[in-house]
Amino acid sequence: MRRFNFLLYQDWDTPQYKLMRNPEVSVRSRGVMEKCTYCTQRIAIARIEAEKDQRNIKDGEIVTACQSVCPADAIVFGDLNDPNSQVSKLKKDHRNYALLNELNTQPRTTYLANLKNQNREMPDYVAPKTIESNREESKDSNQGEPSEPKH
Amino acid sequence: MQEVKKIQKNLHPPMVEGDHSFASVTDIISDRTLKKRTPYGWFIGFALAFMVAQSLLFTVVYLVITGIGIWGNNQPVGWAFDIINFVWWIGIGHAGTLISAILLLMNQKWRTSINRFAEAMTLFAVACAGLFPLLHTGRPWLAYWLFPYPNTMGMWPQFRSPLMWDVFAVSTYATVSLLFWYVGLIPDIATLRDRAKNKYFKTVYGLLSMGWRGSAKHWHRYEIAYLLLAGISTPLVLSVHSIVSFDFSVAQLPGWHATIFPPYFVAGAIFAGFAMVLILCIPLRHWYGMEDFITKTHLIFMGKVMLATGLIVVYGYAMEGFFGWYSANEFEVFMIYNRVWGGPYWWFYWLLILCNGLSIQLLWFKRFRESEFWLFFISIIVSIGMWLERFVIIVTSLHRDFLPSSWAMYSPTVFDWSMFIGTIGFFFTLLFLFVRFLPVISIFEVRTLLPDAQVNHGHHGAHGELNDRPNAFNESINDAQGAEEK
Ligand code: SF4
């Protein structure tokens, strides 16, 4: 997985590729880390719209790109400062966990543990007590961006 | 009476051997630069070093054009040769500062004949060290973003990051070292100016000596400036490498997150630095006929400092193991297991113990401390060992981090090597130039060590070295030609 642009991976010169790029997103050049921006361009659009109407951004108004293409609706994005937002509710779920939280990494993106209905007949059956150890792989991303419109 | 003298000689071994006067000291040291033919060995050495330095030039150019992907770093070993070499070079520089600042304040006279080139070594080592983090930024032409300056990008450095502290620590260190070295050089450059016959040398030394005439006022100001700079440098000896160690110990990674790191790193730096001073001064005294000024006593003292700091470093290794076990933290225990015998890099650890732990035990014996060959040999081994130490700390800790899914091996690429070896060439190129064009040993300070310098006082010890200097200089002014002009 690419985490850092150690080299210039982008082809800036082929003119056809220019059409391919999203004009709202700046493509990272060499010497810059690769990191999720939480689709800052979409947040900016929603913030401007809300500011024009003199209101707060509504829950669910910002849909990140990965969220919009996810067929399983596994990704939720919203305002963590708003206790009634969907993302805050999901965060309160006791299945919610963060990567390396025991090291106090405090990541914004957290996950919901996988639930599995196990078949007792199957050889890989695990007694329910240890079910927490089956958490891997559930990619329920929910995180928040404090999105109060600024005046 | 004879016996008393003998005991005295053992207690206070002479720092200058042979029968020297003020004039002969000046002659011997300055003739190296001004009169004597440059030895063929110099040309061979310089050519070799310069050739090796080209590999640095090539790598840096290629790196700036392409990006740091040409190095072997990647997740999880995001720091490898670049920071290993950075810490290695910075560490080497520390001996120079220790010799020039701390030993000056402690009135250790034996520093006098080695401080000049030890400081030069510091400066060149810091120059080599600085290259690595600078180039690791990925876009080195934007490295000024590291400094807090008001800008329209709304960008401000993260002051909680130890990497930020590094920027300030190292840039302060480089500045103070340069000033210290240069201020110390001024009186000697003036001597060279006065003795030079060649027009170009006269002009260049004349410019560099900043109008030094050796008046009492000049000496007075010089002493104050030098003492102040020594005072400023002293905390730097401890702080720079402490901050470098924070790069690691502030992180949570097992193998880095240890409270012993700052003192352990500082001791390691002085250890590596003295090894490098020995590597440089043994050939220098040998081939440049400086045996009278860099005496056996100097070598023995340096051997002792190396032994003492080396033992602190070994204590650090022992404590790392002990903390790993005593913490009862499974990650720490695993780190020690992985480092010492379970991991793929285990043999680096044992090589390190061999180089840094076992080899220095020879220095307990007078026979080895007094032998040029053994000191040189042990110093080379120690330099390799200190490099391995950083490799063990950085790579073996990173390659097994908290997430087994990201575990990976690290192997350097040819560009990692060419850059590292290139900096060694660059370092020696600068040193060869320094040896050729500047006095390698501080002329006026060595003169204060001569018996002649003591005569004026009659009693020993009440006046420090600092008081002696102006007298030594004034008397010798008569010897120096053309001192009255300007
Ligand atoms: S929110 Fe999703 S689509 Fe947007 S930057 Fe992050 S990962 Fe990419």
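Buried area is the accessible area, taken with a 1.4 Å probe, that two parts lose on being put together, summed over both. The legends below describe close-up views of a predicted model.

**Figure 1. The interface between chain B and chain A in the predicted complex.** About 1300 Å² is buried between the two chains, and carbon and sulfur atoms contribute 60% of that area. On the chain B side, the residues that touch chain A comprise 8 nonpolar, 9 polar and 1 charged. In terms of contacts, 18 residues of chain B meet 10 residues of chain A. The rule identifies 8 residue pairs in polar contact across this interface, both members being at pLDDT 80 or more. For salt bridges between chain B and chain A, the count is 0. The predictor assigns the complex an ipTM of 0.73 and a pTM of 0.85.

**Figure 2. The surroundings of the ligand in chain A.** The ligand is enclosed by residues from two parts of the numbering: A:Cys36, A:Thr37, A:Tyr38 and A:Cys39, together with A:Thr64, A:Ala65 and A:Cys66. Sorted by class, this shell consists of 5 nonpolar and 2 polar residues, and no charged residues are present in it.

**Figure 3. The two ends of helix α7 of chain B.** Helix α7 spans residues 199-208, and B:Asn198 caps its N-terminal end. A side-chain oxygen of B:Asn198 lies 2.7 Å from the backbone nitrogen of B:Tyr200. After the helix comes B:Met210, which has a positive phi, near 55°.

**Figure 4. A cis peptide bond in a loop of chain B.** The bond leading from B:Gln75 to B:Pro76 is cis, and its omega is near -5°. B:Pro76 belongs to the loop that connects α3 (40-66) with α4 (81-105) of chain B.

**Figure 5. A positive phi at A:Leu100.** Although A:Leu100 is not a glycine, its phi is positive, at about 55°. This residue is situated in the loop of chain A between β2 (96-97) and β3 (111-112).

**Figure 6. Stretches of low pLDDT in the two chains.** The mean pLDDT of chain A is 81, with 83% of the residues scoring at least 70. Within chain A, the pLDDT is below 50 over residues 133-151, a stretch that has 65 contacts in the model beyond near neighbours in sequence. Chain B has a mean pLDDT of 85, and 93% of its residues score at least 70. Residues 457-486 of chain B stay under 50, and the model has 55 contacts for them beyond four places in sequence.

Definitions and conventions:
Residues numbered from 1 in each chain as written. Chains lettered and ligands numbered in written order. Heavy atoms only, no water. Near = heavy atom within 4 Å. Nonpolar A, V, L, I, M, F, W, Y, C, P; charged D, E, K, R; others polar. Contact = heavy atoms within 4.5 Å. Salt bridge = Lys/Arg side-chain N within 4 Å of Asp/Glu carboxyl O. Polar contact = N/O pair within 3.5 Å; in protein donor to acceptor, adjacent residues only side chain to side chain. pLDDT = per-residue confidence, 0-100. Helix = DSSP H or I, 4+ residues; strand = E, 2+ residues; numbered from the N terminus.
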